[in-house]
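Here's a quick tour of one protein model, written for someone who likes to check the atoms. Open it in your viewer and follow along.

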Amino acid sequence: MPSISNITETLETAADGGGGGGDQQLQIPEVLPVLPLRDIVIYPFMIVPLFVSREKSIRAVDVALGENRMIFLVSQKDLDKEEPTGEDLYVTGTVAVIMRMLKLPDGRIRILVQGLSRARVETVEDSAEYLKARLVVMQEEAVPERSLEVEALVRNVRASMEKAANLGKNISPEVMAIVASLDEAGRLADLAASNLELKVEDAQSVLDIADTTARLRRVNELLNKEIEVLTVQQEINTQARADIDRSQREFFLRQQLKAIQTELGEGNELAEEVAQFREKIEAIGMPKHAEEEALRQLKKLERMHPDAAETATLRNWMEIMTDLPWSKASVDNLDLAKAEKILDEDHYGLEKVKERIVEALAVRKLKEKPKGSILCLVGPPGVGKTSLGRSIARALDRRFVRLSLGGLHDEAEIRGHRRTYVGAMPGRVIQALQQAATNNPLIMLDEIDKVGADFRGDPSSALLEVLDPEQNNSFRDNYLGVTFDLSNAMFMTTANVLDTIQPALRDRMEVIRLAGYTEEEKLEIARRHLIPKQIEENGIAAKNVQISKKALGALILQYTQEAGLRQLEREIGTICRKVARRIADGRTELVRVTPRNLHEFLGAPKIFPEEMLKKDQIGVATGLAWTPVGGDVLFIEALRVKGKGALVLTGQLGEVMRESAQAAFSYAKSRHKELGIPEEDFEKYDLHIHIPEGAIPKDGPSAGITLATAMVSSLAQRPIRKDVAMTGEITLRGNVLPVGGVKEKVLAARRARVRKVILPALNRRDMEEVPKEIFGEIQFIYVENVRDVFREALKDVTPSAAAAVSRPPRLPQAAAPPRV
């Protein structure tokens with residue numbers, strides 16, 4: 001075993017001779033123990049102290065000391081891995097010699113190593129004791145003498161190292177002296193890289209390069225990047241120092257100015273502000289607890305330094321406290337006839353909502369301060385929920401404030417921020433009262449179904465106190481620090497769906513549903529409101545354009561497909577803009593819009609509504625579905641194919657709809673004799689159920705009877721009547737359960753020109769909301785059992801048709817291929 005003195009002499013000889021002489025004089029074994037390194041890369045000729053604590057690493061050091069004192073140092077890719085394997089280590093490392101070893105009291109050992117040469121791992125053997133690797137020594141490629149590129153790179157590296165040291169990089173003078181005197185290019189590159197405090201990935205990229213020129217080029221790139229970072233860092237430090245000097249100078253000048261103003265008897269602005277705040281507190285009629293807190297904070301403000309940071313925060317708090325309408329309220333309009341007239345002027349239809357508002361007015365007329373419920377208007381987009389709130393405020397002669405809650409995640413937006421940092425502010429409810437300047441406005445909480453929750457709190461839970469009439473008389477905002485009475489304010493909320501609203505919050509609100517408008521209602525609303533509004537917004541007069549009633553009807557059917565009115569208003573706006581263009585060009589004659597020339601203004605029709613089937617078909621049933629934007633018609637297709645009795649469902653069906661399909665299939669199996677289905681067909685055929693528009697997810701229980709009808713039609717080979725649509729949930733016993741969204745579904749059936757609609761018997765009560773004119777166009781059948789559905793929807797098969805179904809046509813032996 002070579003002694004440490006022999007190895008040291010060999011290293012010194014290699015250092016004096018340069019190049020790869022060390023590798024030639026000192027024989028490196030092919031297999032060496034491995035010491036994985038964390039967060040450091042060792043280069044050849046580096047002398048580094050290392051602390052070793054892992055059991056395998058300590059054994060590897062012991063083996064190296066017992067053999068030839070040589071060990072292979074290689075960095076591990078994952079720094080947190082305690083037991084790295086060969087795959088967790090980089091391929092290139094450094095063969096090093098252990099110069100000294102010291103055992104520490106805590107079981108660790110401290111070693112001093114010096115790098116010898118680069119080496120590449122061929123294989124790693126992971127024994128139970130320690131890691132050892134088979135290596136290939138990477139010979140240092142000789143540098144051509146007097147190479148211009150190498151000489152330029154050496155000079156650049158030296159200059160960059162000196163510049164980095166001048167910019168504040170922690171490089172010792174001894175290292176800079178070695179850099180200045182070192183002629184060997186490879187060692188210069190390694191020395192520069194080892195003093196740059198590089199990330200493991202960047203330091204490893206230098207170690208991987210055996211070619212001296214390429215290594216110098218890589219180190220030069222890293223040095224340039226480090227110099228850029230150091231330059232920016234120095235600029236930031238200089239700017240910060242200048243800001244501090246400026247602040248100290250301003251403070252000194254401000255103190256001088258204050259002394260001068262004191263001598264002249266001027267500059268008493270803070271005292272004047274305190275006096276104004278005290279007058280406001282006495283005048284606005286705060287409750288006793290709020291007034292005591294305001295006066296206490298006012299005394300605190302009076303003793304503060306005017307330029308202190310807390311002074312500005314307290315001044316803002318005092319301004320908000322004195323701006324709030326503690327006792328200021330508007331006088332309600334309790335004339336029921338006038339309020340009803342205003343509601344009718346602003347909105348056509350919506351009788352149920354208007355009736356509920358007039359009832360609330362009547363109660364307020366009889367009782368001065370009633371505890372009314374919170375109204376929640378639920379409906380598709382564009383049906384007028386927010387504008388209805390604005391009309392209600394006008395009918396009551398109250399201020400109207402709208403708060404959009406869509407995407408709200410922070411509880412502090414409702415309860416306010418605590419006054420512990422600069423920029424804190426009260427919650428949005430208190431801000432709304434400050435904006436309204438009265439304590440009894442109508443506050444519309446828009447999109448309450450889109451409130452979120454995350455690590456910053458749950459705004460829905462914070463709204464529980466705001467919307468509870470039993471609690472909101474003492475609402476505490478975190479910013480104010482005192483309670484505020486919200487019971488005088490009238491709260492209304494809007495939502496598209498109820499499912500996403502927290503159950504406890506939903507329980508505090510009275511839900512009023514706004515379904516989609518019928519064609520007649522849209523036509524009347526367009527004539528009364530939308531056309532005059534768009535004529536005014538586009539700068540034209542009523543005498544310039546005339547849209548016929550038939551043209552409006554065609555526009556509604558062929559260019560819009562929505563429960564609300566937004567798209568209809570946009571299309572009317574398009575017509576008005578084209579008329580404005582004609583008037584601007586000098587053509588002032590009256591423009592008449594008719595069904596014949598409607599496409600000249602709006603282009604080709606955009607909507608092709610789902611219509612009823614052209615003929616009775618086997619296995620195709622028409623269902624009715626509810627969507628957030630209104631009702632829709634759904635075609636459910638069933639097809640029996642040769643198989644083993646499996647039920648195949650396609651069309652992006654949700655879990656509930658899949659369960660409905662399975663229940664319907666089980667019912668058909670249990671009643672096969674009654675339904676005229678041969679029992680063996682359930683074993684000979686697979687049943688494939690598909691709902692078109694497969695890119696759209698579909699779910700819900702209301703398609704139960706539609707799925708059952710399509711299945712029985714396909715299995716019994718009985719056609720389904722083309723003019724029948726249906727909706728209802730099915731049970732295993734064949735009972736038909738009620739569903740929701742009846743009005744929207746009926747409106748969709750009317751748009752599709754359906755003549756007969758099958759509904760659950762328990763949904764008869766919901767038909768009060770359906771417009772009366774629809775009863776003259778559609779026949780409604782109310783059923784309690786799915787047998788009643790089959791009787792109304794399925795046609796009986798004639799003997800000739802049954803024979804044709806039972807005997808499929810024989811195909812010729814050699815049929816001609818289809819023409820493409």
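## A buried glutamine

Let's start with a polar contact: a polar side-chain atom of Q76 sits 2.7 Å from the backbone oxygen of D78. Keep in mind throughout that this is a predicted model. Q76 itself belongs to the loop that runs between strand 3 (70-75) and strand 4 (92-103).

Is Q76 buried or exposed? Its relative accessibility is 0%, so it counts as buried, the cut-off for that label being under 20%. If you skip residues up to four places away in sequence, Q76 touches P36, L37, R38, R54, K81, P84, D88, L89 and Y90.

## The second largest cavity

Stay in this part of the sequence for a moment. Some of the residues that Q76 touches, including P36, R54 and P84, also turn up in the lining of the second largest cavity. The full lining is V34, P36, R54, K56, S57, E82, E83, P84 and L131. Strand 1 (31-37) and helix 3 (55-66) each put at least two residues into that lining.

How much space does the second largest cavity hold? About 70 Å³. Sorted by class, its lining comes out as four nonpolar, one polar and four charged residues. Across the whole structure, the search turns up five cavities of 30 Å³ or more.

## The largest pocket

Now for the largest pocket, which offers about 990 Å³ of space. Its lining runs to 32 residues, and R513, L514, A515, E744 and E769 are the ones nearest the centre. Two elements give two or more residues to this lining: helix 13 (351-366) and helix 27 (742-751). Of the elements, helix 13 contributes the most, with four residues.

What is the lining made of, by class? There are 14 nonpolar, six polar and 12 charged residues.

## A buried lysine

K169 is in the loop between helix 4 and helix 5 (173-181). With a relative accessibility of 10%, K169 counts as buried, because the label applies to anything under 20%. So where does its side chain go? The side chain of K169 reaches the backbone oxygen of L196, at a distance of 3.2 Å.

Setting aside neighbours within four places in sequence, the contacts of K169 are A164, N195, L196, E197, E226 and L230. L196 therefore appears twice for K169, once as a contact and once through its backbone oxygen, with contact here meaning heavy atoms within 4.5 Å.

## Salt bridges

The model has 40 salt bridges in total. One of them pairs the side chains of R217 and E149, at 2.3 Å from N to O. This pair links distant parts of the chain: R217 is in helix 8 (residues 212-264) and E149 is in helix 4 (residues 148-166), 68 residues apart. Both ends are partly exposed, R217 with a relative accessible area of 36% and E149 with 39%.

Another salt bridge brings together the side chains of D202 and R218, at 3.4 Å, N to O. D202 is in helix 7 (residues 200-207) and R218 is in helix 8, so this pair ties together parts that are 16 residues apart in sequence. R218 is partly exposed, with a relative accessible area of 22%. A further bridge joins the side chains of K450 and D449, at 3.3 Å, N to O. Here the two ends get opposite treatment: K450 counts as partly exposed at 36% relative accessibility, while D449 counts as buried at 7%. There is also a network, in which salt bridges with shared partners join R118, D190 and R215.

## A long way across

Last stop: R753, in the loop between helix 27 and strand 25 (756-760). Helix 27 is one of the elements you met at the largest pocket. R753 counts as partly exposed, at 34% relative accessibility.

How far is R753 from A133? The two are 620 residues apart in sequence, and their C-alpha atoms are 81 Å apart in space.

Terms used:
Residues numbered from 1 in each chain as written. Predicted model: local features only at pLDDT ≥ 70, side-chain atom pairs only at ≥ 80, totals over all residues. Heavy atoms only, no water. 1 Å grid on protein atoms, 1.4 Å probe; cavity = no way out; pocket = protein on both sides within 12 Å on 5 of 7 lines; lining within 4 Å. Points joined across faces, edges and corners; volume = space filled by probe spheres on them. Nonpolar A, V, L, I, M, F, W, Y, C, P; charged D, E, K, R; others polar. Salt bridge = Lys/Arg side-chain N within 4 Å of Asp/Glu carboxyl O. Buried < 20%, exposed > 50% of the residue type's maximum accessible area, 1.4 Å probe, protein only. Polar contact = N/O pair within 3.5 Å; in protein donor to acceptor, adjacent residues only side chain to side chain.
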